[in-house]
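These are my notes from going through the structure. I took the entries in the order in which I looked things up.

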Amino acid sequence: MFRNFLVALSLAMVTGGGTATAADLSLRVEIPQLPVAEYHRPYVAIWIEGPDQTIAANLAVWYQVRGDHTKWLPDLRQWWRRGGRDLKVPVDGLTGATRPVGQQLLKFDAAQAPLASLKPGQYAVVVEAVREVGGREAVRVPFEWPIKKASSANAAGTKELGAVVLTLNP
Amino acid sequence: MKTSLVVALCALFIPAASQAARPWLLPSQTVLARSGGWVAVDAAMADDLFSVNQGAMPVDTLVVSGPDGQAVTAQNVTKSRSRSTFDLELRQAGTYRIAVAEDAVMARWEEDGKPKRWRGSAAEMATGIPAGAAKLEVEQTQRRVETFVSVGTPTELKPGAGAGIELAPIQHPNDLYARETAKFRFLLDGKAAKDLDVEVIAGGTRYRDSPGEMTFKTDKNGEVSITWPAAGMYWLEVSLQDEGATAPGVKKRRASYAGTFEVLTQ
């Protein structure tokens, strides 16, 4: 309800010819509860993938920050291959600690880094998760840039990730 | 994810609340012709089976028993950063049991408000733990990591010491084939280990998105039937926590068994 109101409000501002930059991309990522004897929070990389599968923008990288556990980042196989290996972690505003089971919410302003430099085109948000003594999974949600109208798309993992919901607000 | 403490890798078998990495012995081969030969064994603690990418497993307590029950001396024993290695010259026909086992007591207590720790054998408890220690917690740990190699025809394995979890295989561990079912029997303190969870994972986990673990429960005779889906090296683990410590004055006990088994093609 409140979101609808916000959408309506931002639409009104845009159509009103104002200089509103309220456009945003928000993401809800579910880290599922798993019935395993030995559970460790997953390493997760979230990025925007271009049509040629390159990384157009990194959105989040969650790993075991305490102690030097960056040695396991290559286990995020896709992310590592597509550009994670070029990234010097930690990175302010990008890397952070692993997240617990539940819904993780992320929101990015379209007018600010890293989305501001995104060229018009077809993209996908990729969420990749890998867990110690567990498995690995990547989930993709395609979208078009720039945001033309309010929309929502989702995809779901089957093992290491739950639902991934992408919401675009123009 | 890989939160195993670095310290856990330096010392074998840290009985912390957190789980240490998976311990394993990996023989270069498990089947040798009757003339025998040399086998190289890696000993490591790493969650990726069987990648030497985490920590070495010390082999100070290594015991290799030959077909006649006599101990075989390991050669070229080296402890490197991510694995220990050793060679075995096996000339006598029959089955060799290669085991790294420990039976220790861990104690934690407080002294002048500071936490103290001690680890040693049951016999050393009296000298290691001060009398009347405050907030004393003691726990016995019985761990066993094993693998088997046979020269020529596999021979019957001698019974173990009867302490902790042991494997008393019905199907010989060097006579396992893809798509066949093998019956293994587990003993706890020499008696049938019933209702224990058994986990079996094929090697090569690094190349799979899912670990693909198979889980079993031992029946009233301590037995499980494992059908091997494909040829390869497999890692098996059984563990338990109970109040069956055998060290004097100790109740809590953690026991575990980890074995490496080679399954051959049909």
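I began with a strand pair in chain B. β1(B) runs antiparallel to strand β3 (residues 37-45) of chain B, and I found 5 bridges joining the two. The model is predicted, so I kept the confidence scores at hand. For one bridge I looked up the partner of Pro27(B): Val41(B), in β3(B).

Next I asked whether strand β1 (residues 23-27) of chain B is enclosed or open. Of its 5 residues, 4 are buried, so the strand is largely enclosed by the rest of the structure.

Then the cores. The largest nonpolar core holds 54 residues, and Trp24(B) and Tyr234(B) have the most contacts inside it. I listed what Trp24(B) touches, leaving aside neighbours within four places in sequence. The contacts are Ala44(B), Leu49(B), Phe50(B), Val145(B), Trp235(B), Ala258(B) and Thr260(B). I also noted a second, separate core, with 31 residues. Among its members are Trp47(A), Trp79(A), Leu115(A) and Val164(A).

For contrast I picked a loop residue. Gln70(B) lies in the loop that runs between β5 (62-65) and β6 (75-79) of chain B. I counted 9 C-beta neighbours inside 10 Å, and Gln70(B) therefore counts as exposed. I also took one distance from this residue: the C-alpha atoms of Gln70(B) and Tyr96(B) are 9.7 Å apart, with the two positions 26 residues apart in sequence numbering.

I turned to chain A. I recorded 2 helices and 9 strands, in the order α-β-β-β-α-β-β-β-β-β-β along the sequence. The chain has 170 residues, of which 29% count as buried. I then took the contacts in chain A between residues at least 6 apart in sequence, and 62% of these join residues at least 24 apart.

How are the strands of the open sheet in chain A ordered? I read β4-β3-β2-β6-β7, a sheet of 5 strands with mixed pairing. β4 (95-96) and β7 (136-145) of chain A are the edge strands, each pairing on one side only. I followed the sheet to one of these edges, where strand β6 (residues 121-130) of chain A pairs with β7(A) in the antiparallel sense over 10 bridges. There Val126(A) is opposite Arg140(A) of β7(A).

I looked at how the two chains meet. On the chain B side 8 residues make contact, and on the chain A side 17. I sorted the chain B residues at this interface by class and got 2 nonpolar, 3 polar and 3 charged.

I closed with the confidence scores. The model has an ipTM of 0.75 and a pTM of 0.84. Chain A has a mean pLDDT of 89, with 88% of its residues at 70 or more. By element of chain A, the lowest mean pLDDT, 45, belongs to helix α1 (residues 2-15) of chain A, and the highest, 98, to strand β2 (residues 43-49) of chain A. Over residues 1-19 of chain A the pLDDT stays under 50, and I noted 11 contacts beyond four places in sequence for this stretch. Chain B has a mean pLDDT of 91, and 93% of its residues score at least 70. Residues 1-18 of chain B also stay under 50, and the model has 45 contacts beyond four places in sequence for them.

Key
Residues numbered from 1 in each chain as written. Chains lettered and ligands numbered in written order. Predicted model: local features only at pLDDT ≥ 70, side-chain atom pairs only at ≥ 80, totals over all residues. Core = buried A, V, L, I, M, F, W, Y, C linked by C-beta atoms within 7 Å. Buried ≥ 20, exposed ≤ 12 C-beta atoms within 10 Å, placed from the backbone. Contact = placed C-beta atoms within 7 Å. Nonpolar A, V, L, I, M, F, W, Y, C, P; charged D, E, K, R; others polar. pLDDT = per-residue confidence, 0-100. Pairing = 2+ DSSP bridges.
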